[in-house]
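Work through the exercises below with the sequence and the 3D view open. Try each task before reading its solution.

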Amino acid sequence: MGEEKGMNPTYKILSPWTNRETKGGFTASYFIYGLVALDNMGFIAIVVSMVLYFFLDLHFNIANSANTLTNLMGSTFLLALLGGFISDTYINRFHTCLIFGAIEIVGLILMTIQARFTSLQPPACGIGKPSCIEGGLAVMFYLSLCLFALGSGGVRGALPALGADQFDQKDPREAKALGTYFNLLLLATTSSACLGVTVIVWISTNKGWWYGFLIFLISLSVGFFVLALGKPFYRLKFPEYSPLFRITEVIVVAFKNRKLSLPESPSELYEINEKESVSEPKILHTDQFSWLDKAAVPCSDPIQATPWTLCTVTQVEEVKVLTRMLPIIASTILMNTCLAQLQTFSVQQGRVMNRFLRSFEVPAASVPVIPLAFMSILLPLYELFFVPFARKITKHPSGITQLQRVGVGLVLSAISMAIAGIVEVKRKNHFIDHPTEKAISLFWLSFQYGIFGIADMFTLVGLLEFFYREAPAGMRSLSTSFTWLSLSFGYFLSSVFVDVINAVTKRVAPSKLGWLHGEDLNSNNLDLFYWFLAILSVLNFFNYLYWASWYTYKPQEDGGGEVKLGGPLSGAQDELSKPTNGESGAQDELSKPTNGESGAQDDVSKPTNGESGAQDNVSKPTNGESSIEPIESVKAQEEQVGETFTQKQE
């Protein structure tokens, strides 16, 4: 059955995965949290302050400073897909992180050297040019940014999934801890970033940018050393087959079979027997995108079929899952465009506001410490109080569903942009009415930052958990990278908006100047840009509501063989697929092969609507034999499983 094995690739499981008592869990996750904390301490400090480095030291204008930073961030998160793809296809996630980490460190070294020596920085070239950097200096500058983006993006594509792999979703206790893992992942990010945007940003803006880059370089190197120390504790997996090939096979075969008719019952579609796929669970059939089911229509001789002529139902459902995710990804892009403004224009606002806290001058780029501090406080409260309380009401293990969590974040992001517009009007009017007085306090920006911080807390963790839980087993790095893909497109869209808004408003405005022209915020119309984003965010929320209601969670099979579809906006339905009222995982026991027994019993132990699981086996040819098993044989196996279960209960 070489052809069947090729069509349903499995994962080689390393020995650490099998030793469940000493490997994985939160013990392994602590090393990952260490890297996340040490990395984001410097990464977020750079993100929130580098626009000033571009503007003050490299002599970019306001719009080009913002666009350069958003393009860098967009490229970083887009390249997370590369890291996710490689860790799902060629090497394990642990080694992917180390390889891309080395690339990130090289890029950071080049950035530190260029910031250290003024001879490697361009001189001022006067007003009117978007950038003064050119020649060899530009080559070094953009090479360092490219290496940094490639390395940082690759790490982010593999690291969250590496941590999530430490929790077995088949174990109810570990599956319940998965949501906690993602919450703590964000907590490690925000708590360390608080140190970064205060201490590192102050050192960068007062002592020199190269000091900040150097501190980041040291902390990042220590972080990867900590990650490497945890290797004996990790559960690691090696991929054997490219997820992109699996997707391509389904699309190609479905197109080839487009003229074929679908069978009356989905049970007649081709599916490999479960004992041929021990490490990768099957995904049950759904009715959405039925044209893809034609890839699983059995041919005249399934035994001789190849992956490019016949696909399994599980393989088809993998493509359906990823297809259903696309509108969710698209609906969250605009929120990340709003995030980009808080890291660019809001920092520029802070630079021209009153930054004194008594006698201490607060760096403008340190204002994001407000939302980071909010998140660091709220995340433990959310995990310790809100989740248990909501769980009692919704019966959902995470309190609320991942898509509900994302929806809350989208609402708050729209409110944040509206408040940002109001604050900019107040700042600008104060400057016009009282040009000789002090500007309004920098801490007026805390409202927009604080609300967006809470929005990010809901959305980022919700997306990471959503994409990991819903992803097929062999595509989890690639799937969690969709979170970063949304961030990437959000940053790129910000650059597009700035250029398009400037071009359009320059033609229609009476002043013949764009909303975001020049280098003086007091002569710009940044408030109109914020309100433009707020209106788009409201419209985008209703768009998201439609797709979230349309989305069908990946079907799961309960102990009775019935398909349970988790509703995206009502997490209570998910609970239907779990044993309740103290009936431990008895149903799960039926689906587990014991004492060397064949995994084929899984199909037998799942009756649907009172009938035996024989129908499932009808379409599953095994070992070159007929795809139809005798009813008497199935019943005999059912009796054997029942006896095994009775013995276990005793």
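**Exercise 1. Classify H59 by its exposure and describe its backbone.**

Solution. Step 1: H59 has a relative accessibility of 24%, so it counts as partly exposed. The cut-offs are under 20% relative accessible area for buried and over 50% for exposed, with partly exposed in between (1.4 Å probe, protein chains only).
Step 2: H59 sits in the loop between helix 3 and helix 4 (62-78). Helices (H or I, at least four residues) and strands (E, at least two) are DSSP runs, numbered from the N terminus.
Step 3: The phi of H59 is near 65°, a positive value in a residue other than glycine. Most residues other than glycine have a negative phi.

Before going on, note the basis of the numbers. This is a predicted model, in which local features need pLDDT of at least 70 and side-chain atom pairs count only at pLDDT 80 or more, while totals for chains, interfaces and linings use all residues. Residues are numbered from 1 along each chain as its sequence is written, and side-chain values use heavy atoms, with hydrogens and water left out.

**Exercise 2. Give the same kind of description for F289.**

Solution. Step 1: F289 lies in the loop between helix 10 (243-256) and helix 11 (313-331).
Step 2: Its relative accessible area is 23%, so F289 is partly exposed.
Step 3: F289 is not a glycine, yet its phi is positive, at about 50°.

**Exercise 3. Find where Q166 lies and which residues it touches.**

Solution. Step 1: Q166 belongs to the loop between helix 7 (135-164) and helix 8.
Step 2: With a relative accessible area of 0%, Q166 is buried.
Step 3: Leaving out residues up to four places away in sequence, Q166 touches G24, G25, A28, S29, E174, F233, Y234 and R235. Contact means heavy atoms within 4.5 Å.

**Exercise 4. Describe how helix 3 packs with helix 8.**

Solution. Step 1: Two packed helices are described by the angle between their axes and the distance between the axes. Axes are lines fitted to C-alpha atoms, for helices over the stretch in contact, and angles run from 0 to 180 degrees between N-to-C directions.
Step 2: For helix 3 (residues 25-57) and helix 8 (residues 172-207), the angle is about 40° and the axes are 7 Å apart.
Step 3: Helix 3 and helix 8 are therefore oblique to each other. Angles under 35 degrees count as roughly parallel, over 145 as roughly antiparallel, 65 to 115 as roughly perpendicular and the rest as oblique.

**Exercise 5. Describe how helix 17 packs with helix 18, and name the residues that meet.**

Solution. Step 1: Helix 17 (residues 476-508) and helix 18 (residues 526-550) pack at an angle of about 120°, and their axes are 12 Å apart.
Step 2: This makes helix 17 oblique to helix 18.
Step 3: From helix 17, F497, V498 and I501 meet F529, F532, L533 and L536 of helix 18.

**Exercise 6. State how many residues of helix 12 are buried, then turn to the whole protein.**

Solution. Step 1: In helix 12 (residues 333-342), 10 of the 10 residues are buried, so this helix is largely enclosed by the rest of the structure. Among them are I333, N336 and Q341.
Step 2: The protein has 22 helices and 6 strands.
Step 3: Of its 650 residues, 56% count as buried.
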